[in-house]
Amino acid sequence: MEKLVSLCKRRGFMFQSSEIYGGINGFWDYGPLGVELKRNIKDAWWKDMVTGHDDIGQLPGAPSPYEMTGLDCTIIMHPQVWKCSGHYDLFHDYMVDCRESKKRYRHDQIQGRWVEAKGKKIFATAGSDSESPEADIERQALKFFGMRSKNADELKWDGALVSLTTVEDFDQVLGPDAKTLGTLTPPREFNLMFKTTIGALGGEADAAFLRPETAQGIFVNFKNVVDSSRVRVPFGIAQVGKSFRNEITPRNFTFRSREFEQMEIEFFCHPDSSPEWYKYWRDRRYQWYLEMGLDEKKLILREHHAEELAHYSTGTADIEYAFPFLPEGEYGELEGIAHRGDFDLRSHMEGKLDPATNPMTVELNEEGKPKHRGSGKDLSYRDDLSGERFIPHVIEPSAGADRATLAFLCEAYTEDEQPDDKGKMQTRVVMKLHPRIAPIKAAIFPLVKKDGMPEMAQDIYRTLKKSWNVFYDEKGAVGRRYRRQDEAGTPFCITVDGDSLKDQTVTIRHRDTLDQWRVKADDLTDELRKLIG
Ligand code: GAP
């Protein structure tokens, strides 16, 4: 992972936000290569899910043909949206503060062990950023008891590593960065939504939130889309855009950030066929990551257990990837696919529903009135063929563009041994990105900077530039130019040499196999189209 992080900075895939001021935790910028990579991923998703979707044919595994359309909503929405969606009441983590170190931790992410020495028993802890919590906890306990590491076997451990959530009495807890006991505050709720103020007056009545997901913009526009675009259920609405969550512990590069992009679909279908649509989307989305180059051995589809599901849902699955920063055998979520029943549309219509009720009823306040009033707008759907009126059920495939980008970068990073210009074996770093998402599709080189080779190479560059992001480079040894493109993930390098001027052919070099073959310069656009797909 360290090698990848360093390559990302060195080659301009990713930088820490505001780096010259020391950075800002949980925020990342995409550099010249990164912006192309991420845009290609979002474009591939949009093309495969929306614009390239065949609205009239029936796709394998789909219960019927279906339509797809898109939307682009605002980041700040009416505050009532978040009350009815449940984010206002429920979207929080518990956190604890340390009075001594002034640090803040997520309650469930502090781990610790009970340990006794010199007649005193304490709960020694490590924070979520600890790479070896057991070792850090031992060091912390030795320091607290004033013991040397050679006397570590005098520490009496009671039980294995457990979360702080198992501990009731914080007086015996030694915080991860504290020297004295009992410095952690009791856990407090912390809403993950970023709050902001609309307008100049700035009172509580003007408070609004940066959206924590793009999904709600789709639900509140359901009626607008149905009324304006003639789509018929079943159909999906897709949206790509920024979301914001004030994560307590952002970490693992871009994996958990405070500002990130989501690629979400809300798929509206008849309640009777919703379990089949759920299975379709779960499998379709899993397959998409494989098609884009993730290794099947590192990608799992994890179905949630029946007891984890809300009663109105027939299934939720996570697509998870074995990110290299995770311990062996652990996976991180790339995308969730959830059967959400009619919870969202009904909540925006009638008022926030209580998900614990069955059948679901509106959650009431102490006065017996709706706790959060809905829009009162009719969000039901009338099938004009059958005449049936119903509230569609929703299947939600919800992906993260930054997590997908990170997974493709992790998958692509490869080292191999290749001979350099003098035939000496050297370690080559190559980013084996799928050609569809590679930031630069081809690099064009004149072998040497003379004899008409640059002119021919520049003509080729200008022709190819009309179709793709290609790169022209005439500086330095050709071997070094290849290496730079290998690190950037460029799948094809095109070289103009002495023969090119005689027979109008050029060589294409394949980044992964290193195969080289000659093609007519006039055929390059067709050849690359076949190769890139
Ligand atoms: N509308 C459903 C929803 O937002 P989620 O599981 O909270 O579900 C969906 O988020 C996806 O968004 C995740 O699978 C992940 O890819 C991405 N995501 C969520 N929180 C993130 C964060 N803090 N940083 C980066 N990506 C995140």
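Mentor: Start with one term. A polar contact is a pair of N or O atoms within 3.5 Å. Keep in mind that this model is predicted.

Trainee: Let us apply that to the ligand. How far is a polar side-chain atom of glutamate 264 from a nitrogen atom of the ligand?

Mentor: The distance is 2.6 Å, and the cut-off is 3.5 Å. That pair therefore counts as a polar contact.

Trainee: Which residue has a side-chain N or O atom 3.1 Å from a nitrogen atom of the ligand?

Mentor: Glutamate 396 does. Glycine 400 works through its backbone: an N or O atom there lies 3.1 Å from a ligand oxygen atom.

Trainee: How much of the ligand does the protein bury?

Mentor: Take the ligand alone, and it exposes 550 Å². The protein buries 88% of that area.

Trainee: Which elements give two or more residues to the shell around the ligand?

Mentor: Three strands do: β14 (259-269), β17 (332-341) and β20 (393-400).

Trainee: And which of the residues around the ligand come nearest?

Mentor: There are 20 residues around the ligand, and Glu213, Arg245, Glu247, Glu264 and Glu333 come nearest. Read the shell by class as well: nine residues are charged, six polar and five nonpolar. Glu213 itself sits in a loop, between β12 (207-209) and α6.

Trainee: What does the UniProt record add on binding?

Mentor: An unreviewed UniProt entry places a "binding site" feature at Arg106, Glu213, Phe260, Glu261, Gln262, Met263, Glu264, Glu396, Pro397, Ser398, Ala399 and Gly400. These positions span 295 residues in sequence, and their farthest two C-alpha atoms are 27.8 Å apart, so they do not all gather at one spot.

Trainee: Where does the record place a domain?

Mentor: The unreviewed entry puts "Aminoacyl-transfer RNA synthetases class-II family profile" at residues 193-435. Over that stretch the chain is 30% strand and 21% helix. Its end C-alpha atoms are 37 Å apart.

Trainee: Now pockets. How does one look for empty space?

Mentor: Rolling a probe the size of a water molecule over the atoms shows where space is left empty. In this model, the second largest pocket holds about 370 Å³. Its lining has 18 residues, and Val81, Val220, His348, Ser375 and Lys377 lie nearest its centre.

Trainee: Which elements give two or more residues to that lining?

Mentor: Helices α3 (79-85), α6 (215-220) and α7 (222-229) do. Of the elements, α3 gives the most, with three residues. By class, the lining has eight polar, seven nonpolar and three charged residues.

Trainee: Last topic: the backbone. What is the usual pattern for phi and for peptide bonds?

Mentor: Most residues other than glycine have a negative phi, and most peptide bonds are trans. Now look for departures. The bond from valine 233 to proline 234 is cis, with omega near 5 degrees. Proline 234 lies in the loop between α7 and β13 (235-244). The bond from asparagine 358 to proline 359 is also cis, with omega near -5 degrees. Find proline 359 in the loop between α9 (343-350) and β18 (381-382).

Trainee: What is the phi of lysine 118?

Mentor: Lysine 118 has a positive phi of about 50 degrees, though it is not a glycine. Look for lysine 118 in the loop between β6 (111-117) and β7 (120-126).

Definitions and conventions
Residues are numbered from 1 along each chain as its sequence is written. This is a predicted model: local features need pLDDT of at least 70, side-chain atom pairs count only at pLDDT 80 or more; totals for chains, interfaces and linings use all residues. Side-chain values use heavy atoms; hydrogens and water are left out. A residue is near a molecule or strand if one of its heavy atoms lies within 4 Å of it. A polar contact is a pair of N or O atoms within 3.5 Å; within protein, one must be able to donate a hydrogen and the other to accept it, and residues adjacent in sequence count only if both atoms are side-chain atoms. Accessible areas come from the Shrake-Rupley method with a 1.4 Å probe; for residues, only the protein chains shown count as cover. Helices (H or I, at least four residues) and strands (E, at least two) are DSSP runs, numbered from the N terminus. Ala, Val, Leu, Ile, Met, Phe, Trp, Tyr, Cys and Pro count as nonpolar, Asp, Glu, Lys and Arg as charged, and the others, Gly among them, as polar. On a 1 Å grid over the protein atoms alone, a cavity is a set of points where a 1.4 Å probe fits but cannot get out, and a pocket is an open set with protein on both sides within 12 Å along at least five of seven lines; lining residues have an atom within 4 Å of a point. Grid points are joined across faces, edges and corners, and a volume is the space filled by probe spheres set on the points. UniProt positions are given in the numbering used here, feature names are shortened, and annotations may be inferred rather than shown by experiment.
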